[in-house]
Amino acid sequence: MKKILVLKSSILDNYSHSNKMTDYLVDSWLATNPNDQFTVRDLAKDPVPVLDQATMFAFGKEISMLSDKQKAARALSDELIAELKAHDVIVITAPMYNFSVPAQLKHYIDFIARAGETFSYSESGAVGLLKNKQAIVLTSRGGIHKDQPSDLIVPFLTQFLGFIGITDVQFVLTEGVAYSEDYAQQAHLKAQKELDAIIMAKSTAF
(Lines give C-alpha, C1' and ligand atoms only; values in the text may rest on other atoms or scores of the structure.)
Protein backbone atom coordinates (compact mmCIF):
# COMPACT_ATOMS: atom_id res chain seq x y z
CA MET A 1 0.00 0.00 0.00
CA LYS A 2 1.24 3.45 -0.94
CA LYS A 3 0.32 6.69 0.81
CA ILE A 4 -0.35 9.68 -1.44
CA LEU A 5 -0.56 13.27 -0.21
CA VAL A 6 -2.55 15.65 -2.41
CA LEU A 7 -1.88 19.37 -1.98
CA LYS A 8 -4.56 21.51 -3.61
CA SER A 9 -3.83 25.22 -4.00
CA SER A 10 -6.43 26.61 -6.40
CA ILE A 11 -8.76 29.33 -5.09
CA LEU A 12 -11.42 28.39 -7.68
CA ASP A 13 -12.75 25.24 -5.98
CA ASN A 14 -15.07 23.40 -8.40
CA TYR A 15 -14.24 25.82 -11.22
CA SER A 16 -10.57 24.94 -11.00
CA HIS A 17 -8.94 23.12 -13.90
CA SER A 18 -6.13 21.85 -11.66
CA ASN A 19 -8.67 20.47 -9.18
CA LYS A 20 -10.39 18.65 -12.03
CA MET A 21 -7.04 17.12 -12.95
CA THR A 22 -6.56 16.07 -9.34
CA ASP A 23 -9.99 14.49 -9.08
CA TYR A 24 -9.31 12.50 -12.24
CA LEU A 25 -5.96 11.32 -10.91
CA VAL A 26 -7.41 10.21 -7.56
CA ASP A 27 -10.35 8.35 -9.13
CA SER A 28 -8.18 6.64 -11.74
CA TRP A 29 -5.46 5.78 -9.24
CA LEU A 30 -7.89 4.15 -6.81
CA ALA A 31 -9.53 2.23 -9.65
CA THR A 32 -6.13 0.67 -10.36
CA ASN A 33 -4.76 0.58 -6.81
CA PRO A 34 -7.78 0.39 -4.45
CA ASN A 35 -5.66 -0.31 -1.38
CA ASP A 36 -3.61 2.86 -1.64
CA GLN A 37 -4.40 5.67 0.80
CA PHE A 38 -4.97 9.32 -0.13
CA THR A 39 -4.72 12.36 2.14
CA VAL A 40 -6.02 15.63 0.70
CA ARG A 41 -4.96 19.02 2.08
CA ASP A 42 -6.70 21.98 0.49
CA LEU A 43 -4.42 24.96 1.03
CA ALA A 44 -7.07 27.38 -0.26
CA LYS A 45 -9.75 26.26 2.18
CA ASP A 46 -7.31 25.76 5.06
CA PRO A 47 -4.53 28.26 4.29
CA VAL A 48 -1.09 28.33 5.84
CA PRO A 49 -0.22 31.76 7.31
CA VAL A 50 2.23 34.13 5.69
CA LEU A 51 5.80 33.64 6.85
CA ASP A 52 6.87 36.62 8.95
CA GLN A 53 9.87 37.45 11.11
CA ALA A 54 8.40 36.03 14.33
CA THR A 55 7.56 32.75 12.60
CA MET A 56 10.96 32.51 10.98
CA PHE A 57 12.62 32.91 14.37
CA ALA A 58 10.23 30.31 15.84
CA PHE A 59 11.61 27.64 13.53
CA GLY A 60 15.10 27.92 14.99
CA LYS A 61 14.60 28.63 18.70
CA GLU A 62 13.86 26.47 21.71
CA ILE A 63 10.16 26.00 22.45
CA SER A 64 10.56 27.60 25.88
CA MET A 65 11.66 30.85 24.22
CA LEU A 66 8.60 31.17 21.98
CA SER A 67 5.43 33.20 22.34
CA ASP A 68 2.05 31.48 22.06
CA LYS A 69 1.73 32.71 18.46
CA GLN A 70 5.18 31.36 17.63
CA LYS A 71 4.40 28.03 19.27
CA ALA A 72 1.26 27.71 17.12
CA ALA A 73 3.25 28.43 13.96
CA ARG A 74 5.93 25.95 14.98
CA ALA A 75 3.29 23.30 15.71
CA LEU A 76 1.71 23.82 12.28
CA SER A 77 5.10 23.52 10.60
CA ASP A 78 5.80 20.33 12.54
CA GLU A 79 2.41 18.93 11.48
CA LEU A 80 2.93 19.73 7.80
CA ILE A 81 6.43 18.25 7.78
CA ALA A 82 5.35 15.08 9.60
CA GLU A 83 2.52 14.66 7.09
CA LEU A 84 4.91 15.13 4.20
CA LYS A 85 7.36 12.60 5.60
CA ALA A 86 4.60 10.03 6.14
CA HIS A 87 3.63 9.84 2.45
CA ASP A 88 5.31 8.14 -0.49
CA VAL A 89 3.91 10.21 -3.36
CA ILE A 90 3.19 13.94 -3.26
CA VAL A 91 0.65 15.32 -5.73
CA ILE A 92 0.82 19.10 -6.04
CA THR A 93 -1.70 21.23 -7.87
CA ALA A 94 -0.02 24.36 -9.13
CA PRO A 95 -2.25 26.48 -11.35
CA MET A 96 -0.44 29.41 -12.91
CA TYR A 97 -1.36 32.72 -11.28
CA ASN A 98 0.47 35.67 -12.80
CA PHE A 99 3.18 33.35 -14.15
CA SER A 100 3.89 31.69 -10.78
CA VAL A 101 2.38 29.37 -8.18
CA PRO A 102 -0.55 30.50 -6.01
CA ALA A 103 0.36 32.31 -2.79
CA GLN A 104 -1.34 29.50 -0.87
CA LEU A 105 1.21 27.00 -2.18
CA LYS A 106 4.14 29.35 -1.58
CA HIS A 107 3.09 29.81 2.06
CA TYR A 108 3.01 26.02 2.47
CA ILE A 109 6.50 25.78 1.00
CA ASP A 110 7.75 28.42 3.43
CA PHE A 111 6.44 26.37 6.37
CA ILE A 112 8.02 23.06 5.31
CA ALA A 113 11.43 24.40 4.29
CA ARG A 114 13.21 23.95 7.62
CA ALA A 115 16.87 23.20 8.22
CA GLY A 116 17.30 19.94 10.06
CA GLU A 117 13.86 18.73 9.04
CA THR A 118 13.55 18.77 5.25
CA PHE A 119 17.10 19.87 4.36
CA SER A 120 20.46 20.35 6.00
CA TYR A 121 23.66 22.18 5.22
CA SER A 122 27.01 20.49 4.66
CA GLU A 123 30.43 21.68 3.56
CA SER A 124 29.41 20.93 -0.02
CA GLY A 125 26.08 22.77 0.21
CA ALA A 126 22.45 21.97 0.99
CA VAL A 127 21.31 18.35 1.25
CA GLY A 128 17.67 17.32 0.88
CA LEU A 129 16.40 15.05 3.64
CA LEU A 130 13.20 13.72 2.04
CA LYS A 131 14.41 10.61 0.27
CA ASN A 132 12.62 7.87 -1.68
CA LYS A 133 9.62 10.03 -2.52
CA GLN A 134 7.96 10.88 -5.80
CA ALA A 135 6.10 14.02 -6.83
CA ILE A 136 3.48 14.65 -9.48
CA VAL A 137 2.77 18.30 -10.27
CA LEU A 138 -0.53 19.15 -11.94
CA THR A 139 -0.45 22.64 -13.41
CA SER A 140 -3.11 24.42 -15.44
CA ARG A 141 -2.62 27.61 -17.41
CA GLY A 142 -4.88 29.96 -19.35
CA GLY A 143 -2.30 30.31 -22.13
CA ILE A 144 0.53 28.25 -23.59
CA HIS A 145 3.76 28.46 -21.58
CA LYS A 146 5.48 25.07 -21.83
CA ASP A 147 9.25 25.41 -22.35
CA GLN A 148 8.89 29.20 -22.51
CA PRO A 149 10.57 31.85 -20.31
CA SER A 150 7.08 32.69 -19.02
CA ASP A 151 6.82 29.31 -17.29
CA LEU A 152 8.30 29.96 -13.86
CA ILE A 153 6.46 27.07 -12.21
CA VAL A 154 8.35 24.09 -13.63
CA PRO A 155 11.85 25.40 -12.84
CA PHE A 156 10.81 26.71 -9.42
CA LEU A 157 9.15 23.52 -8.21
CA THR A 158 11.88 21.35 -9.74
CA GLN A 159 14.45 23.41 -7.85
CA PHE A 160 12.57 23.43 -4.55
CA LEU A 161 11.57 19.77 -4.55
CA GLY A 162 15.15 18.80 -5.38
CA PHE A 163 16.34 21.06 -2.56
CA ILE A 164 14.36 19.01 -0.02
CA GLY A 165 15.39 15.70 -1.59
CA ILE A 166 12.56 14.91 -4.02
CA THR A 167 14.15 14.48 -7.42
CA ASP A 168 11.63 12.09 -9.03
CA VAL A 169 9.21 14.75 -10.28
CA GLN A 170 6.71 14.53 -13.14
CA PHE A 171 4.77 17.51 -14.50
CA VAL A 172 1.41 17.25 -16.24
CA LEU A 173 0.26 20.45 -17.94
CA THR A 174 -3.22 21.52 -18.98
CA GLU A 175 -2.67 24.60 -21.11
CA GLY A 176 -4.74 27.04 -23.10
CA VAL A 177 -7.81 26.57 -20.91
CA ALA A 178 -8.80 30.23 -21.41
CA TYR A 179 -8.82 29.99 -25.22
CA SER A 180 -12.16 28.24 -25.57
CA GLU A 181 -14.25 25.53 -23.95
CA ASP A 182 -13.34 23.10 -26.73
CA TYR A 183 -9.62 23.89 -26.38
CA ALA A 184 -9.83 23.36 -22.63
CA GLN A 185 -11.60 20.04 -23.10
CA GLN A 186 -8.92 18.82 -25.51
CA ALA A 187 -6.21 19.96 -23.08
CA HIS A 188 -7.84 17.93 -20.30
CA LEU A 189 -8.09 14.84 -22.49
CA LYS A 190 -4.39 15.14 -23.29
CA ALA A 191 -3.55 15.52 -19.58
CA GLN A 192 -5.72 12.54 -18.69
CA LYS A 193 -3.82 10.33 -21.12
CA GLU A 194 -0.56 11.43 -19.50
CA LEU A 195 -1.98 10.71 -16.05
CA ASP A 196 -3.17 7.27 -17.19
CA ALA A 197 0.38 6.47 -18.33
CA ILE A 198 1.87 7.71 -15.04
CA ILE A 199 -0.59 5.68 -12.96
CA MET A 200 0.03 2.57 -15.03
CA ALA A 201 3.80 2.96 -14.70
CA LYS A 202 3.61 3.48 -10.95
CA SER A 203 1.24 0.54 -10.54
CA THR A 204 3.73 -1.70 -12.32
CA ALA A 205 6.60 -0.31 -10.26
CA PHE A 206 4.76 -0.82 -6.99
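Where is the place of His-107? In this predicted model, His-107 sits in helix H4, which covers residues 103-112. With a relative accessibility of 19%, His-107 counts as buried, because the cut-off for that class is under 20%. A polar atom of the His-107 side chain lies 3.4 Å from the backbone oxygen of Val-48. Val-48 also appears among the contacts of His-107: once neighbours within four places in sequence are set aside, His-107 is in contact with Val-48, Pro-49 and Val-50.

Attention can now turn to the charged side chains. How many salt bridges does the count come to? The count comes to 12 salt bridges, and a few of them are worth a visit here.

One of these pairs is Lys-8 with Asp-23, whose closest N and O atoms are 3.5 Å apart. Lys-8 belongs to strand S1 (residues 3-8) and Asp-23 to helix H1 (residues 17-32), so the salt bridge ties together parts that are 15 residues apart in sequence. The two partners can also be described by their accessibility. Lys-8 has a relative accessible area of 14% and is therefore buried, whereas Asp-23, at 38% relative accessibility, counts as partly exposed.

A second pair to look for is Asp-52 and Lys-69, whose side chains meet in a salt bridge with an N to O distance of 4.0 Å. This pair links distant parts of the chain, 17 residues apart: Asp-52 is in the loop between strand S2 (37-42) and helix H2 (53-58), while Lys-69 is in helix H3 (residues 68-85). Asp-52 is partly exposed, with a relative accessible area of 32%. Lys-69, by contrast, counts as exposed at 63% relative accessibility, because that class begins over 50%.

The side chains of Arg-141 and Asp-151 also meet in a salt bridge, here with an N to O distance of 3.1 Å. Arg-141 lies in the loop between strand S6 (134-140) and helix H5 (153-163), and Asp-151 is likewise in the loop between S6 and H5, with the pair 10 residues apart. Are these two residues buried or exposed? Both Arg-141 and Asp-151 are buried.

Salt bridges can also join into a wider arrangement. Which residues are linked in a network of salt bridges? The network links Arg-41, Asp-46, Glu-79 and Glu-83.

Key
Residues numbered from 1 in each chain as written. Predicted model: local features only at pLDDT ≥ 70, side-chain atom pairs only at ≥ 80, totals over all residues. Heavy atoms only, no water. Helix = DSSP H or I, 4+ residues; strand = E, 2+ residues; numbered from the N terminus. Buried < 20%, exposed > 50% of the residue type's maximum accessible area, 1.4 Å probe, protein only. Polar contact = N/O pair within 3.5 Å; in protein donor to acceptor, adjacent residues only side chain to side chain. Contact = heavy atoms within 4.5 Å.
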